[in-house]
Every structure is written in structure tokens, then in C-alpha cells.
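Dear colleague,

I am passing a structure on to you, and below it I have written down what was found in it. Please read the notes with the structure open beside you.

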Amino acid sequence: MTSLARRNLFEDIPRFLVAQAGIMFAVSLVTIQTGILQGFTRSTTLLIDQSKADLWVVSDQFVYLELTQPMPLSNVTAAKNVPGVAQAEVVMRGSGQWQVPQGELTSVRIFGFDPNGSLFVPGQLRAGEMAALNRPYTILADHTNLKALKLTGVGDRVHIDSFPAEVVGITQDTQSIASSAYIFTSLENANTYSNTRFSSQVNCRYQGGDLDCTNSYAERSPTELEAPGPVQPLNQTTPIVFILIKAESDQDLAALARRLEATIPDTKAFTTEEISKITRDYWQQRTGIGFILGLGTVVGVIVGMVIVGQILYASVSDHLKEFGTLKAMGASDRFIYRIIIEQALWMAILGYVPGMSLCLGVSYWAMTTQGILILITPLTGVGVLGVAIAMCVGSAVFAIQKVTRVDPAIVFKA
């Protein structure tokens, strides 16, 4: 039976190669689509998952990591006084315009944190020193954004809006695929970049006996760019977005979260796992990304089934007399079905191996050159193999139906 299934499979090499190309395409499409979805959702929570906080205090209007209302810095003082809190650190988030000489404006996300703290972890530092962020107008950039931001490495100088910025470190494993480039800096620097974007001036004049005043905004002058002065200090009203909490040992996190919410008005407290899940669910369920990638997976499976089904059906049609002979010799339908199913299994395996190898190569290339994470886990590999086998065996049903209707007397027809 085994040799017969293989001989049917390899009898017509061009047809076999067409079938394997179709299976490889289906396997690749399913794997890449699934890997992009998994890599995408994982990238949106990298900063959350890498943090060492037990709880995150956020606004009660929190939606996900990059969509929430700010709260005043004074909330961190209240958080530190809650029983059970061992450590509390602040994270700010803002945006700015990235300017490079002879380059286009680029929007960046600015995260401010305490460089001397331990709860917020901006990825793994590849070059530079974290302590250098204590200096004014210094930043960290993710290595996947170097090309997009026209950077070469540590020591580069650019401008964020009207203020200078010196790259003092290169980090990795921070960037979300769905967001603008991430920039990390100290709280004071982040406050300066995000909250003092333009210089303002009030112009007043008398007109018709009335005093008419207007506000005008302008980017800072070249003199100010060369000598920007001290960074913007923090005060109790400075807007922040997250308070990271480290609980004392043996603390019940659910009870501590309730105490924090009761002490700090208009806030919610989530564990790191909860806030990570909220962010992932937002992108998977409240945007069209999950649907689009899932639709691509379904299309890949359908295309593969159609190709495999056609190949197996044609193979059976070409060997109807041989199958009729087997029936005339007393072979059971079950015996013949096993031949066709084994042929389908060989097609699944021989299409899966090169398809998965191609996907692994594409994922490595995408990560190293584009900074895009296509996450292919062992579980994904096993799942796709199961899909490939189910796809090919399911396609074999069409061929089996034709064999079922074969009359053994066909062998006696001219």
C-alpha cells in the first residue's frame, strides 16, 4: 500500500510540484498571518510585560497602553502613602516631532521615567548607559528605529520639536508595530519635550476703544535651539499617565488595588497581567487587525484545499482502472481509501517542511532588517502542521467519492 501511494504521488512530477507549491503557499500564508498577529499583539505589550511592577494605577478612562487620560503627579504621593505599597514610580507619555537635518518630520512617542528607578524597563540596553538620561536633553532609541529616524548610534544629535536631543543609548525589544517610534528619556526631559512644545506670545492692541489681545505660537528661534536652558521642572500638576506600584511582600494584590482606587480618585488599578491582556484584547477585538489577518489565514486554507483536491481528484481519475482492478481482486473500499489518504498525508508533510522553512527565514529577515516581529512559536508550528494535514485529508474526500462509485467491471471495458 505504501509503495502504491508513493508511486501515484511521484508518477507525474510536474503535477506533484504544482501540488506542493500550492500546499507550501497555504502553509506559508497561514503561518505568516498567524505569526504577524501574534507578533503584533506581543509588540503592543512589550513595555508592560517587561516591567517589574505588581500593579499599574491609571485613569478610570483607561482604554489601552496608548489611549488614556492623564492624571496629576500629586497622585504618586497619595499612592506611596497607601498601606502595602513598597515602591511607586511615575511614567509619563507624550508625543513630539522628530527633526533631523535634511530629513522629513517624523512623529515619535516619548516615554518619561525615572532612570534611577527599577519598575519601568525600557527594553534591553544594547549600547550606552541608562544613567546618562539624568543629563538634560538626552534620550534612548530602539535599534529597530535607527533607519527610520536617520540615526547611526550613540552620540547622534537631533531635535524634538524646538529642543535638542542627544542619543545616549540604544535599546531593543520595546517598539510596538502599531505605533510611532518610541523614545525614552527622564521625567524632566519628557516634560520639556511634551509640554513646552512652542513658545507663545500675547499681542495686544487698541481697536475702536477696545483692547484686542491674541495669542501667537511659534517654534523657538535658532538661538534658543543652541542654548535651550534648563529642562522643565516637575510640579504637582504635571500630567502623568501611569503609576507603577511594587507591593510589599505577602500583600494581596486585589485588596491593594481596591485600596489604591479608594485613595486616589478617578483611577483604576490593574495587575501587570491584566493591563497587558486589556491592551492585547483592544487590538485583537476592537480593531480590524485580527479579522483581516484571520481572513488571510482562511483564504490560504481554501486555496490549499482547492489545489490539493484538484490534484488528488485528477490522480484518481487517471488510475480508475487500477482502482477497479484492486476492487475486482477483492480489495475493500477501506484499503483503497487508505491509499488515497496516505497520498494526501505525504503531500501535507512534503509541502509543510519547505513552507515552514520559508516562513522562518522570512521572520528572521523581517526582524533583523525591518524590526517587525513575526512570532512563530513551537505551538504555532504544530498547529499549522495540523492545519496542513486536515487540509490535505479533507481534500482527499473529493477523490474518495469518485473511487466509491468505481465499478470493478471497468477493467473489462476497452
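Is Lys150 buried or exposed? Before the answer, please keep in mind that this is a predicted model. Lys150 sits in the loop that links β6 (138–142) and β7 (157–160), and its phi is positive, at about 60 degrees, although the residue is not a glycine. With a relative accessible area of 57%, Lys150 is exposed, because the cut-off for that word is over 50%.

A second residue can be read in the same careful way. Asp173 belongs to the loop between β8 (163–172) and β9 (181–186), and here too a residue other than glycine has a positive phi, near 60 degrees. Asp173 has a relative accessibility of 28% and therefore counts as partly exposed, since that value falls between the 20% and 50% limits.

Next, please turn to a pair of helices. The axes of helix α9 (residues 289–318) and helix α11 (residues 333–370) come within 11 Å of each other, and they cross at roughly 140 degrees. An angle has to be over 145 degrees to count as roughly antiparallel, so α9 is described as oblique to α11. The crossing in which α9 passes α11 is right-handed. On the α9 side the contact is made by Val308, Ile311, Leu312, Ser315 and Val316, while α11 brings Ile340, Gln343, Ala344 and Met347. Sorted by character, the residues in this contact of α9 with α11 comprise seven nonpolar and two polar ones, with no charged residue.

Some of these names return when one looks at the nonpolar cores. The largest nonpolar core has 30 residues, and those with the most contacts inside it are Ile23, Leu312, Ile340, Met347 and Cys392. Two or more residues of this core come from each of α2 (13–43), α9, α11 and α12 (378–404), and α11 gives the largest share, which is nine residues.

Leu312 is a useful residue to select on your screen. Leaving aside residues up to four places away in sequence, Leu312 touches Gln343, Ala344 and Met347, and also Cys392, Ser395, Ala396 and Ala399. Apart from the core to which Leu312 belongs, there is a second, separate core of 27 residues, which includes Phe62, Val91, Phe111 and Val241.

With kind regards

How values were computed: Residues numbered from 1 in each chain as written. Predicted model: local features only at pLDDT ≥ 70, side-chain atom pairs only at ≥ 80, totals over all residues. Heavy atoms only, no water. Axes fitted to C-alpha atoms, helices over the stretch in contact; angles between N-to-C directions. Helix = DSSP H or I, 4+ residues; strand = E, 2+ residues; numbered from the N terminus. Parallel < 35°, antiparallel > 145°, perpendicular 65-115°, else oblique. Left-handed = near helix turned anticlockwise from the far one by under 90°. Contact = heavy atoms within 4.5 Å. Nonpolar A, V, L, I, M, F, W, Y, C, P; charged D, E, K, R; others polar. Buried < 20%, exposed > 50% of the residue type's maximum accessible area, 1.4 Å probe, protein only. Core = buried A, V, L, I, M, F, W, Y, C linked by side-chain atoms within 4.5 Å.
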